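Me: I would like to go through this structure by question and answer. Please keep the replies brisk and end each one on the value or name I ask for.

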Amino acid sequence: MHLEQENQAQQHKRRVRYKGKYPKKFEEKYKELQPEKYPETVAKVIQKGSTPVGMHIPIMVNEILEFLQIQPGQTGLDATLGYGGHTSRMLERLESKGHIYALDVDSIEMEKTRQRLEHMGYGPEILTIRKLNFANIDQIAGEFGPLDFVLADLGVSSMQIDNPERGFSYKQDGPLDLRLNPQIGTPASKRLSELSEDEICGMLVENADEPYAVSLAAAIYKQSHFGKSIDTTTCLKQIIEETVSPILKGEKEEEKKAILKKTCQRVFQAIRIDVNSEFEVLDAFLQKLPFVLNPGGKAAVLTFHSGEDRMVKKAFRAGRGIYYKEAVSYTHLRAHETK
């Protein structure tokens with residue numbers, strides 16, 4: 001009897017306990033990762049002004065809906081599906097009449113979002129989700145016809161940032177990956193070992209307007225080519241701090257912390273943009289955008305940093321004649337990433 005109880009105890013694995021009152025690590029936040037099972041916990045996190053891990057709260061929803069003026073029976077495209085927050089609100093406006101096509105390259109999160117939206121009642125009769133880069137929006141228009149409205153939210157989803165295994169954030173240790181689609185392409189750790197010092201410097205300047213680009217490029221190049229490879233987010237963060245801290249000797253401690261934080265954000269952003277060819281993808285999207293819309297169609301683009309911000313404004317100015325030729329209208333919204 002005693003042996004039987006002992007075997008049962010060994011077979012039953014308890015959930016890993018975290019230290020302190022609140023969980024800190026991503027894998028310990030099991031309640032936030034199951035919002036449908038623990039809605040009260042999720043509501044408390046949101047009420048505090050935070051975004052629960054594994055979730056993404058869409059921003060500027062009302063501004064986008066006000067501009068797009070979606071009507072029942074229309075056909076539209078969410079070029080960047082993500083968690084599906086914008087998509088679900090646009091689907092509401094269709095009132096079960098019409099169709100929305102949604103694109104994403106993140107196979108991990110895309111399937112979760114598909115299931116979540118189906119559970120909300122949005123099945124294939126009104127929503128089609130494709131694993132497709134939004135640079136290829138012409139494929140959707142070519143297959144299903146021109147669109148009445150298009151939305152592109154260019155921000156990285158919170159689910160990707162929060163998960164340390166994806167390597168998007170300097171705040172938690174994890175593999176330095178940064179790929180939006182982890183099944184293709186080159187992870188950031190390998191990409192850095194392929195670039196010259198000048199190329200790293202150019203990447204930091206062009207992709208993030210990094211003021212310490214020269215010093216950081218030298219340090220990153222030295223480590224990735226002559227030391228151990230930069231395999232983790234913590235390793236890259238340490239290089240950034242060790243490089244920039246001596247430059248900030250005269251700064252007050254609080255100011256120094258703020259500068260180091262912003263520098264880490266910019267460096268990770270610059271590498272992520274390079275790894276995913278984000279500017280090339282955005283350029284292709286902007287070139288094709290006017291030609292996938294119906295006469296009277298509308299497009300909204302939500303940007304988060306100066307690089308993509310400049311590209312969208314430039315494209316809209318340069319293509320003004322194309323956009324207004326068929327009475328097509330567009331808007332550009334600028335936001336700030338919160339993580």
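Me: Start with charges over rings. How far does Arg116 lie from the ring centre of Tyr83?
Reply: This is a predicted model, and all values are computed from it. Arg116 lies over the face of Tyr83. Its distance from the ring centre is 3.6 Å.

Me: Over which ring does the charged end of Lys298 sit?
Reply: The cut-off for a charge over a ring is 6 Å from the ring centre. The charged end of Lys298 is 5.4 Å from the centre of its ring. The ring belongs to Phe67.

Me: On to aromatic pairs. How many does the structure hold?
Reply: Ring centres must lie within 6.5 Å to count as a pair. By that test the number of aromatic pairs is 4.

Me: Tyr101 and Phe144 form one aromatic pair. What is its geometry class?
Reply: The centres are 4.3 Å apart, with 25° between the planes. Planes under 30 degrees apart give one class. That class is stacked.

Me: Which elements hold Tyr101 and Phe144, and how many residues separate them?
Reply: The pair links distant parts of the chain. Tyr101 is in strand β2 (residues 99–104), and Phe144 is in helix α6 (residues 137–144). The separation is 43 residues.

Me: Which class of exposure does Phe144 fall into?
Reply: Its partner Tyr101 is buried, with a relative accessible area of 9%. Phe144 has a relative accessible area of 33%. Buried means under 20%, and exposed means over 50%. Phe144 is therefore partly exposed.

Me: Tyr170 and Phe268 also form an aromatic pair. What is its geometry class?
Reply: The centres are 6.0 Å apart, with 55° between the planes. Stacked needs under 30 degrees and edge-to-face needs over 60. The pair is tilted.

Me: How far apart in sequence are the parts that Tyr170 and Phe268 tie together?
Reply: Both residues are buried. Tyr170 lies in the loop between α7 (158–162) and α8 (188–194), and Phe268 lies in helix α12 (residues 253–275). The pair therefore ties together parts separated by 98 residues.

Me: Now the nonpolar interior. Which helix gives the largest share of the largest nonpolar core?
Reply: The core has 34 residues; Leu176, Met203, Leu204, Leu236, Ile240 and Ile271 touch the most other members. At least two residues each come from α8, α9 (197–208), α10 (213–226), α11 (233–244) and α12. The largest share is 8 residues, from α12.

Me: Which element supplies the largest share of the lining of the second largest pocket?
Reply: The pocket has a volume of about 680 Å³. Its lining counts 42 residues, and the closest to the centre are Thr80, Asp104, Val105, Phe134 and Leu180. At least two lining residues each come from α4 (85–94), β2, α7, α12 and α13 (278–288). The largest share, 4 residues, comes from α13.

Me: How many charged residues are in that lining?
Reply: The nonpolar class has 17 residues and the polar class has 16. The number of charged residues is 9.

Me: How many residues of α4 are buried?
Reply: The helix α4 is mostly covered. Its buried residues are Gly85, His86, Thr87, Ser88, Met90, Leu91 and Leu94. Out of 10 residues, the buried count is 7.

Me: What is the phi of Leu178?
Reply: Leu178 is in the loop between α7 and α8. It is buried, with a relative accessible area of 1%. Leu178 is not a glycine, yet its phi is positive, at about 70°.

Me: Is Ser277 buried or partly exposed?
Reply: Ser277 is in the loop between α12 and α13. Its phi is positive, at about 50°, although it is not a glycine. Its relative accessibility is 33%, and the limit for buried is under 20%. Ser277 therefore counts as partly exposed.

Me: Last, the largest cavity. How many charged residues line it?
Reply: The search finds 1 cavity of 30 Å³ or more. Its lining is Ile161, Asn163, Pro164, Gly167, Phe168, Ser169, Gln172 and Thr233. These divide into 3 nonpolar and 5 polar, and the charged count is none.

Note on methods: Residues are numbered from 1 along each chain as its sequence is written. This is a predicted model: local features need pLDDT of at least 70, side-chain atom pairs count only at pLDDT 80 or more; totals for chains, interfaces and linings use all residues. Side-chain values use heavy atoms; hydrogens and water are left out. On a 1 Å grid over the protein atoms alone, a cavity is a set of points where a 1.4 Å probe fits but cannot get out, and a pocket is an open set with protein on both sides within 12 Å along at least five of seven lines; lining residues have an atom within 4 Å of a point. Grid points are joined across faces, edges and corners, and a volume is the space filled by probe spheres set on the points. Ala, Val, Leu, Ile, Met, Phe, Trp, Tyr, Cys and Pro count as nonpolar, Asp, Glu, Lys and Arg as charged, and the others, Gly among them, as polar. Buried means under 20% relative accessible area, exposed over 50%, partly exposed in between (1.4 Å probe, protein chains only). A charge sits over a ring if NZ of Lys or CZ of Arg is within 6 Å of the ring centre and within 35 degrees of the ring normal. A nonpolar core is a set of buried Ala, Val, Leu, Ile, Met, Phe, Trp, Tyr and Cys residues joined through side-chain atoms within 4.5 Å.
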